[in-house]
Number of protein chains: 4
Amino acid sequence: MSRRLVLPVLADFVSATAGRNMTAVAYIAVILGVAMMVLLTTAPAYDATHHWVNALLWLCLAYFVFEWLVRLRHLGRQGRLWFYALSGAGLVDATGALAVPLALVCGVEPKTAWLLSILWVLKVVPGIPGLRQLRRVLVLESGPLLSVLVIFLMVVFLASVAEYYLERDVQPQTFGSVPAALWWAVVTLTTTGYGDVVPITPLGRIVAALVMISGLGVFGLWTGILATGFAAETRRDNFLKTWETVSKVPFFANLGPGAIADVTQMLRTMDLPPRTMIIRKGTRGDCMYFIAAGEVEVDLRDKKVKLDEGAFFGEMALLGNAVRGADVATTKVTRLLVLDLVDFRLLMARHPDLAQTIDAEAKRRELENR
Amino acid sequence: MSRRLVLPVLADFVSATAGRNMTAVAYIAVILGVAMMVLLTTAPAYDATHHWVNALLWLCLAYFVFEWLVRLRHLGRQGRLWFYALSGAGLVDATGALAVPLALVCGVEPKTAWLLSILWVLKVVPGIPGLRQLRRVLVLESGPLLSVLVIFLMVVFLASVAEYYLERDVQPQTFGSVPAALWWAVVTLTTTGYGDVVPITPLGRIVAALVMISGLGVFGLWTGILATGFAAETRRDNFLKTWETVSKVPFFANLGPGAIADVTQMLRTMDLPPRTMIIRKGTRGDCMYFIAAGEVEVDLRDKKVKLDEGAFFGEMALLGNAVRGADVATTKVTRLLVLDLVDFRLLMARHPDLAQTIDAEAKRRELENR
Amino acid sequence: MSRRLVLPVLADFVSATAGRNMTAVAYIAVILGVAMMVLLTTAPAYDATHHWVNALLWLCLAYFVFEWLVRLRHLGRQGRLWFYALSGAGLVDATGALAVPLALVCGVEPKTAWLLSILWVLKVVPGIPGLRQLRRVLVLESGPLLSVLVIFLMVVFLASVAEYYLERDVQPQTFGSVPAALWWAVVTLTTTGYGDVVPITPLGRIVAALVMISGLGVFGLWTGILATGFAAETRRDNFLKTWETVSKVPFFANLGPGAIADVTQMLRTMDLPPRTMIIRKGTRGDCMYFIAAGEVEVDLRDKKVKLDEGAFFGEMALLGNAVRGADVATTKVTRLLVLDLVDFRLLMARHPDLAQTIDAEAKRRELENR
Amino acid sequence: MSRRLVLPVLADFVSATAGRNMTAVAYIAVILGVAMMVLLTTAPAYDATHHWVNALLWLCLAYFVFEWLVRLRHLGRQGRLWFYALSGAGLVDATGALAVPLALVCGVEPKTAWLLSILWVLKVVPGIPGLRQLRRVLVLESGPLLSVLVIFLMVVFLASVAEYYLERDVQPQTFGSVPAALWWAVVTLTTTGYGDVVPITPLGRIVAALVMISGLGVFGLWTGILATGFAAETRRDNFLKTWETVSKVPFFANLGPGAIADVTQMLRTMDLPPRTMIIRKGTRGDCMYFIAAGEVEVDLRDKKVKLDEGAFFGEMALLGNAVRGADVATTKVTRLLVLDLVDFRLLMARHPDLAQTIDAEAKRRELENR
């Protein structure tokens, strides 16, 4: 009997492991594994708890081996075994499963071998939300960023040779070779400034001051480039996410493509789980909502009204009375389009027909709920 | 007799305490309380003044207890006792009133118990001017900011394990465990660089250099994201503040909603107390003003002219003679809309009818004041 | 006879001193004075040269006293003595002239008294080019910047009390009082990280790590706000500078105010001294020029052609052949309007009539110079 | 016979050296030369390998001398000998060829003389991709950047004199002169914070805290200015690169100049070598491509189709089915114009005629490939 209960759960677990990038179990395994690895190196804490630490480490490793095998089998059935095995994700999975055992087999001391379990954190990468966006910025701005890197390296090399020449006789311990001076230059140009290697001759200090000021400049350029790239990318990303949704909402269906592009730039997509409060009665409102998918429930004084796909709500707070008149909550997984007060006004100004529709509906509702 | 004088002042004080977020007294109490707490820990200064310090600390505490009780009673009457008591502000007020006494009652040593009075600074939070704006930026950009945080953590963990492996034999004191290496990694990646833990092996230094350069990158991304978010939010905030005001000024009343949206983006709201000098005769002017509410007084050579709601002034400095011709000061609390020289020209270009009105009025005034 | 030669020069010098903010002599005096003051404190260097150093310091002081008196007399004649004496510039001048002598009279040791000559650097302030622009950014963005400052202070206070509590028993020397911990918090939150005060307990280090990461956040917000403000201010400043000039150039005179506003946003003003090379034959060109005031000389193969106010040149490099065909240099002080290649194309697209005029003139010139 | 083979290769090598800025050989020589110079100063490593190090250093030097002579001869023939010899590039080449030999001839110790070979890195400068862009930003924003520099210097001087006055009696070793305090001020204001010189008096620490906070401000201004400048420059650069190409693509030829300017702002140029995969079947697509020059091959199920100049591809992924249907690769050096999904939609909205053409072609292709 217990088998009947266990088997389907297990099958679900296996298919979740095979399919999605990171299950909740995988996140727990990564965090637990890394925490245990950290504990392993901490002398008094480990001595007191080494049974637990070792057990948990092996458990995490077992999970990652299991995950890798399940995925290999699953994708092998789809005929994409080698595609997966040699892709970035596949290699990360393989490393996570094999690195520690291989090291142990090769005779590496256990405490050292388990250090390799830090590679498990790489599994988190595909789950980082804005990573694709960051990568696009880095790729598109790679030209200027590369320039800054080359300038950075040139300053580092020129400064360290100058500093080596100026300081080598006074501080042979710390500026005794160009590599030592390079270390100083990187520490200084990034404005880290450990203070383990510090010039003491007057000329050496003047060179160092110039390097520090260059450090500010490099920093500024770097940030400026990334900020520029990011601004463009954010606009693009939001537009992409929203466009699809907008063109499916009946309310906007009659608009031409030019107007849809215009409206899309004003809206923001928001995905909500069931039973989430969207509007709380009595708070101040500064946006209205269109339902792109799902359903919400408006809690009026005497009755509950359900609104579904294509309906809008929250417009009254934008049309005079700024205080929300009712609670609104989702009943299912719901996708909303949010229209901010500012953009609501711009929309009213540029598309008077939409404005009239919203206005008429608001008046009808007010009459009804009196 | 003295009771007659004292009671209304006290009633005013109580109602101010109950109503507004932070009264002047509350600000003084926070600053004084924290200063005294700092003094309490400073050995020679405290020994000399401990009567004063103790008295002031108790006084501040008494005020915060009083404030909390007044608010509880006031909101209790409105039937919102629990709403307040469990809200953020209510919890901060409760902590400010109860933390120190509770610690003292529990037998904590007084010098340590009074340290909890640092929590009083949290009362300042709702009074911070641009906080709502900052919060919106952080919420809207939370996706990319989270990505950067995850990348930050991944670099910290990978680097510290690498550094632990490379340095543990050479510097067992400072790199003896992964937590110690984590400390080094955070200090380095934020470019703080205390210098208490510094790698000395060649490979360790190369890893450290990469971490520092990553630090610049993380910094740049972080700043870029915040800068982008901030630019959008500033525009939005200004638009919201100004829109209401613009649509009420008769001068702009005839404009359609599209034009009002356009004009709103050019104006800036400015609130002034009574008897404030707005324009000083003889200075160079680069903006004109519309009166949205209140009244101003123009000090001409031979007479004083009052202008009130809907009037405008300062336009002559934009129409040729850049030097202000008269002093202008407020007589009441006044809300002005400021139109900058640049935007004045764009306005003249895009809305020629407004331009004509301003021009005609300017000519009329010049004739009159000749 | 020598008196005849000297007197006019002296009169010129006096009037220049009275009138302009900073003469070349004043700049030299500031730099020389500060350099000598620095030398005064440097033991071996000063002992060798103290006669020179003292003489030069007194000379600089004499100049600043002279400057102050000349200005007082000059502005006294204009009846603006007190206006000047109490203005910022007047107070800086007075301090520069009186601080050191007063200190010497009061019996302060000379080496210390002369330190006050560092205040001479304040005289440079009105001469800083973009200062007005920076000040406007700081004023307009003062709200958010203040918020960040308050947040900065709150983090500093909360962190230092926490750190004091956690570290005071382990490191009584460095974390023995809250002021000492405040010093640590400022050093850490600004990511300076001297390393003179460093937490060593595990909890203390976790708090410190949070402070460092907050430091990045504060930094990012600060920069983001300033970057946003600066972008707006730069556009405004350029528009203001260019507008006046554009509307006076005959070539643009027929445009309506809307088009002028449009064109203004595309142009950049450039002021040049006489005999400056603007275009060098054979280089690649990516902009054309309109003469707003002054005169230029085009050096063709067989003749020299002069162009004055209202003419334009350099357009051929934008109309096909990218290489400059002739040297062009100014003959007088000249103000040019620069039209970049990008904006040239946008202009051609939006104002076809201007494009035709430029095209026709270019063709005429080509025929002529064949 | 070997002469027949060697000579043309040598001639090619000489002409490449004379003509292009940096050949692959030159890059290798720079990297190798600098690496050997670094090795030269590293005691144990050099002792073991000094024959190799010396040989390679002389080899690199020989190459740079050869390069300089070849260029002098080549440009001498074109009558531009002095133009080259005195230009920036010429001087860098001359320094690279002559600095080390001259130092050796003058009797400088070899290890020191070879340090001059660090100047070889300057040869890399003209090859940095975005350098022209960076330089334009620095030139255009030089006004505000200069202001920030002056403010930086003023803070440094004022703070160091104050700190010298406050700390000289307590720490005569580290704050014994104003130059020493200047060193502290620069280290602090750039937030480097070595920790070798740290104020210890309470007042000195308050001054230092203000300097650190100013450091954040200076940093923020610097970055803000650069970010602003960079945003403008990036748009300009992309526009310039793309404009030429767009106006030559037949697909856009019928558009008026206004529409071309509009389209140009949406496109991005991409240059690809032969046999590069552009689209991989089965991946998600978010852009389409126009061929400005060159040729691509589309790998359909049963045949290979070649597309050349003026054709477009990848549009299907933007018109409904987001997954790429075929592999596409270049066959020659190809220049593409990339149209992003976002801009594709804006284009469809603003230029319906272009949209129809793309739509019709997509339908035709779909029918054909069924």
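Helices and strands are taken here as DSSP runs, with at least four residues for a helix and at least two for a strand, numbered from the N terminus. On that basis, chain A of this predicted model holds 14 helices and eight strands. Its radius of gyration is 30 Å, well over the 21 Å that the globule rule gives for 370 residues, so chain A is more spread out than a compact globule. The C-alpha trace of chain A spans about 90 × 70 × 45 Å along its principal axes.

A look at the domains helps to place these dimensions. Chain A is divided into domain 1 (2-127), domain 2 (142-232) and domain 3 (249-368). Between the C-alpha centres of domain 1 and domain 3 of chain A there is a separation of 45 Å.

Next comes a sheet in chain A. Four strands form an open sheet in the order β2-β7-β4-β5 (chain A), and their pairing is antiparallel. At its edges are β2 (277-279) and β5 (304-308) of chain A, each of which pairs on one side only. On average, neighbouring strands of this sheet are turned by 30° against each other, direction ignored. In general, strands of a sheet pair through backbone hydrogen bonds, in either a parallel or an antiparallel sense. For β2(A) and β7(A) (residues 327-330), the antiparallel pairing runs over two bridges. Within this region, Met277(A) has Ala329(A) of β7(A) as its bridge partner.

The chain also meets its neighbours. In the contact between chains A and B, 42 residues come from chain A and 41 residues from chain B. On the side of chain A that touches chain B, two or more residues are given by each of α2 (24-40), α7 (131-140), α9 (178-189), α10 (202-248) and α13 (341-350) of chain A. The largest share, eight residues, comes from α10(A). By residue type, this side of chain A divides into 27 nonpolar, eleven polar and four charged residues. Chain A is superposed on chain B by a rotation of 90° with 0.1 Å of shift along its axis, at an RMSD of 0.1 Å. Only 17% of the interface residues of chain A are also interface residues in chain B, so these copies meet through different surfaces.

Turning to chain D, 42 of its residues are in contact with 41 residues of chain A. The side of chain D that touches chain A receives at least two residues from each of α2 (24-40), α7 (131-140), α9 (178-189), α10 (202-248) and α13 (341-350) of chain D. Here α10(D) gives the most, with eight residues. This side of chain D is made up of 27 nonpolar, eleven polar and four charged residues.

How the copies are arranged can be described in simple terms. Two copies of a chain are related by a rotation about an axis and a shift along it. For chain D on chain A, the superposing rotation is 90° with 0.0 Å of shift along its axis, and the RMSD is 0.1 Å. The two copies are thus related as by a four-fold rotation axis. Only 17% of the interface residues of chain D are also interface residues in chain A, so these copies, too, meet through different surfaces.

Conventions
Residues numbered from 1 in each chain as written. Chains lettered and ligands numbered in written order. Predicted model: local features only at pLDDT ≥ 70, side-chain atom pairs only at ≥ 80, totals over all residues. Contact = placed C-beta atoms within 7 Å. Nonpolar A, V, L, I, M, F, W, Y, C, P; charged D, E, K, R; others polar. Least-squares fit on C-alpha atoms with pLDDT ≥ 70 in both. Domains from an automatic or database assignment. Pairing = 2+ DSSP bridges. Axes fitted to C-alpha atoms, helices over the stretch in contact; angles between N-to-C directions. Rg over C-alpha atoms; globule rule 2.2 N^0.38 Å.
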